[in-house]
Amino acid sequence: MKSSAKCSRPRLAALVIVTSLLSACATVSSERVAGVCPPVVEYDAGFLAKAAEEVQALSEGSALNEILSDYAVMREQARACNFP
């Protein structure tokens, strides 16, 4: 009687490949996970006015201006994340 082990190897390999591909798809979720979006702190008008004065007092090309600009973008992204 001949061994059928050689014939089952391609099937086993195909099964392993298909299973791994399908399990990779299962790890991706289209659902929004609660708690992933950071909260956006709201500032009152007086505080924002004071901050605007301080930013205007910075020299042109200040590193702080660039940091604040990046921070403003992150705040907008957090708003969009929290309020679709």
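The protein chain you're looking at has 3 helices and 0 strands. Walk along the sequence and the pattern reads α-α-α. Keep in mind that this is a predicted model.

**Inside and outside**

How much of the chain is buried? Buried residues make up 6% of the 84 residues in the protein chain. The accessible surface comes to about 7700 Å², and carbon and sulfur atoms account for 65% of that area.

**The largest pocket**

Now for the largest pocket, which has a volume of about 320 Å³. Two elements each give two or more residues to its lining: helix H2 (45-57) and helix H3 (63-82). Which of these gives the most? That's H2, with 6 residues.

If you want to find the lining in the structure, look for Tyr43, Phe47, Leu48, Ala51, Ala52, Glu54, Val55, Leu58, Leu68, Tyr71, Ala72 and Arg75. Sorted by class, the lining has 10 nonpolar residues, no polar ones and 2 charged ones. Glu and Arg count as charged, so the charged pair in this lining is Glu54 and Arg75.

**A nonpolar patch on the surface**

Some nonpolar residues sit on the surface as a patch: Val41, Tyr43, Phe47, Leu48, Tyr71 and Met74. Together they have about 570 Å² of accessible area. H2 and H3 each supply at least two residues of this patch. Tyr43, Phe47, Leu48 and Tyr71 belong to the patch, and these four residues also turn up in the lining of the largest pocket.

Where does Val41 sit? Its place is in the loop between helix H1 (5-26) and H2. Val41 counts as partly exposed because its relative accessibility is 48%, and partly exposed covers values between 20% and 50%.

**Salt bridges**

The structure holds 2 salt bridges. Here they are side by side:

| Salt bridge | Closest N and O atoms |
|---|---|
| Lys50 and Glu54 | 3.9 Å |
| Arg79 and Glu76 | 2.6 Å |

Take Lys50 and Glu54. Both are in helix H2, and because they are 4 residues apart there, about one helical turn separates them. Glu54 is partly exposed, with a relative accessible area of 48%. Remember that Glu54 is also one of the residues lining the largest pocket, so here is a residue that you meet twice.

The partners Arg79 and Glu76 lie in helix H3, 3 residues apart, which is about one turn of the helix. Is Arg79 buried or exposed, or something in between? With 26% relative accessibility, Arg79 counts as partly exposed, since buried would need a value under 20%.

**A loop residue and a helix residue**

Back in the loop between H1 and H2 you'll also find Pro38. Its relative accessibility is 44%, so Pro38 counts as partly exposed. How far apart are the C-alpha atoms of Pro38 and Arg75? They are separated by 9.1 Å, while along the chain the two residues are 37 residues apart. Arg75, as you saw, is one of the residues that line the largest pocket.

Note on methods:
Residues are numbered from 1 along each chain as its sequence is written. This is a predicted model: local features need pLDDT of at least 70, side-chain atom pairs count only at pLDDT 80 or more; totals for chains, interfaces and linings use all residues. Side-chain values use heavy atoms; hydrogens and water are left out. On a 1 Å grid over the protein atoms alone, a cavity is a set of points where a 1.4 Å probe fits but cannot get out, and a pocket is an open set with protein on both sides within 12 Å along at least five of seven lines; lining residues have an atom within 4 Å of a point. Grid points are joined across faces, edges and corners, and a volume is the space filled by probe spheres set on the points. Buried means under 20% relative accessible area, exposed over 50%, partly exposed in between (1.4 Å probe, protein chains only). Accessible areas come from the Shrake-Rupley method with a 1.4 Å probe; for residues, only the protein chains shown count as cover. Patches are made of residues with over 30% relative accessible area and no salt bridge: like charges are joined within 9 Å, nonpolar side chains (Val, Leu, Ile, Met, Phe, Trp, Tyr) within 5 Å. A salt bridge is a side-chain nitrogen of Lys or Arg within 4 Å of a carboxyl oxygen of Asp or Glu.
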